[in-house]
Amino acid sequence: MKAHIRGIPDFPKPGILFYDISTLLRHGPAWKAAMDLLAERIRLARPTLLAGIESRGFLMAAPMALALGLGFIMLRKPRKLPGATIGYDYDLEYGKDRIEMQADAVKPGDRVVLLDDLLATGGTMAAGVELLRQGGAEVPMVATLIELTFLNGRARLDVPVETLVAYAD
């Protein structure tokens with residue numbers, strides 16, 4: 001997988017190495033292999049729904065849900081979803097943020113696996129887990145393509161984490 005993920009130095013700001021999945025997305029066989037591997041792991045959690053975090057998490061969760069015959073829900077930034085929403089406020093290293101979902105997106109008893117492209121510090125992923133729980137769902141696991149292990153994002157999560165590629169620096 002690493003051969004299909006490129007590193008872009010100094011993006012979005014100097015000193016940051018951005019791991020770009022667009023090169024993986026445009027290579028059909030590699031993208032399919034990545035999604036197949038992740039699907040095997042996600043099936044073990046017996047989800048009833050998949051959720052994706054805006055926006056690159058949508059690229060994974062929506063097609064994965066379709067392949068597994070499951071529904072898909074979106075976790076988005078404030079004021080991006082129509083109808084009634086519920087939200088969860090959380091702290092970032094440099095301020096605060098909020099994530100929302102439609103109020104009727106989940107119901108008690110739903111088993112929702114949460115997906116995003118990358119696990120870094122774990123703040124957004126942890127907020128997504130809490131938001132899903134606030135709606136009544138159980139979150140048996142989260143899954144990502146990439147994990148930046150040196151940022152120790154797993155430590156902020158109280159659910160199992162599945163990743164396909166890890167970078168230690």
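**Entry 1: the pocket**

I began with the largest pocket, and its volume comes out at about 1400 Å³. A reminder to myself before going on: this is a predicted model.

Which residues lie nearest the centre of the largest pocket? I noted Arg 56, Tyr 94, Leu 118, Ala 120 and Thr 124, out of a lining of 38 residues.

Next I looked up which elements supply the lining. Strands S2 (17-20), S5 (85-92), S6 (95-102), S7 (112-119) and S8 (142-148) each give at least two residues, and so does helix H4 (123-134). The largest share, four residues, comes from S7.

I also sorted the lining by class. I wrote down 20 nonpolar, 13 charged and five polar residues.

**Entry 2: strand S3 and its partner**

Is strand S3 mostly covered or mostly open? S3, residues 49-53, is mostly covered, with five of its five residues buried.

I then checked the two sides of S3. In a regular strand the side chains alternate between the two faces of the sheet. On one side of S3 I found Leu 49, Ala 51 and Ile 53, on the other Leu 50 and Gly 52, and all of these are buried.

What joins S3 to S4? I counted five bridges, and the two strands run parallel. For one of the residues I looked up the partner by name: Leu 49 is bridged to Gly 71 in S4.

**Entry 3: just after S3**

Following the chain out of S3, I came to a cis peptide bond between Glu 54 and Ser 55, with omega about -15 degrees. Ser 55 belongs to the loop between S3 and helix H3 (56-68).

Glu 54 turned up again when I looked at Arg 76. The side chains of Glu 54 and Arg 76 are joined by a polar contact of 3.1 Å. Arg 76 sits in the loop between strand S4 (71-75) and S5. Setting aside residues up to four places away in sequence, I listed what Arg 76 touches: Glu 54, Phe 58, Leu 81, Arg 98, Ile 99 and Glu 100.

I stayed in the loop between S4 and S5 for Arg 79. Arg 79 is not a glycine, yet its phi is positive, about 65 degrees. I put Arg 79 down as exposed because its relative accessibility is 76%.

**Entry 4: the loop between S1 and S2**

Back towards the start of the chain, I looked at the loop between strand S1 (6-9) and S2, where Pro 12 is found. The peptide bond from Phe 11 to Pro 12 is cis, with omega near 5 degrees.

Asp 10 is in the loop between S1 and S2 as well. I noted a positive phi of about 60 degrees for Asp 10, although it is not a glycine. Is Asp 10 buried, partly exposed or exposed? Its relative accessible area is 48%, so I wrote partly exposed.

**Entry 5: Asp 20**

Asp 20 lies in strand S2. I marked Asp 20 as buried because its relative accessible area is 9%.

Which side chains make polar contacts with the side chain of Asp 20? I found Arg 6 at 2.7 Å and Ser 22 at 2.8 Å. Leaving out neighbours within four places in sequence, the contacts of Asp 20 are Ile 5, Arg 6 and Ile 8.

**Entry 6: two last look-ups**

Leu 37 is part of helix H2, residues 28-43. At 36% relative accessibility, Leu 37 is partly exposed, since buried means under 20% and exposed over 50%. Not counting residues up to four places away in sequence, Leu 37 touches Met 1 and Leu 164. I also took a distance back to S3: the C-alpha atoms of Leu 37 and Ala 51 are separated by 18 Å, with the two positions 14 residues apart along the chain counted as their spacing.

Last came Glu 93, in the loop between S5 and S6. Is Glu 93 buried or exposed? I wrote exposed, because its relative accessible area is 70%. How far apart in space are Glu 93 and Gly 123? C-alpha to C-alpha I got 9.0 Å, for residues that are 30 apart in sequence.

Definitions and conventions:
Residues are numbered from 1 along each chain as its sequence is written. This is a predicted model: local features need pLDDT of at least 70, side-chain atom pairs count only at pLDDT 80 or more; totals for chains, interfaces and linings use all residues. Side-chain values use heavy atoms; hydrogens and water are left out. On a 1 Å grid over the protein atoms alone, a cavity is a set of points where a 1.4 Å probe fits but cannot get out, and a pocket is an open set with protein on both sides within 12 Å along at least five of seven lines; lining residues have an atom within 4 Å of a point. Grid points are joined across faces, edges and corners, and a volume is the space filled by probe spheres set on the points. Ala, Val, Leu, Ile, Met, Phe, Trp, Tyr, Cys and Pro count as nonpolar, Asp, Glu, Lys and Arg as charged, and the others, Gly among them, as polar. A polar contact is a pair of N or O atoms within 3.5 Å; within protein, one must be able to donate a hydrogen and the other to accept it, and residues adjacent in sequence count only if both atoms are side-chain atoms. Contact means heavy atoms within 4.5 Å. Buried means under 20% relative accessible area, exposed over 50%, partly exposed in between (1.4 Å probe, protein chains only). Two strands pair if DSSP finds at least two bridges between them.
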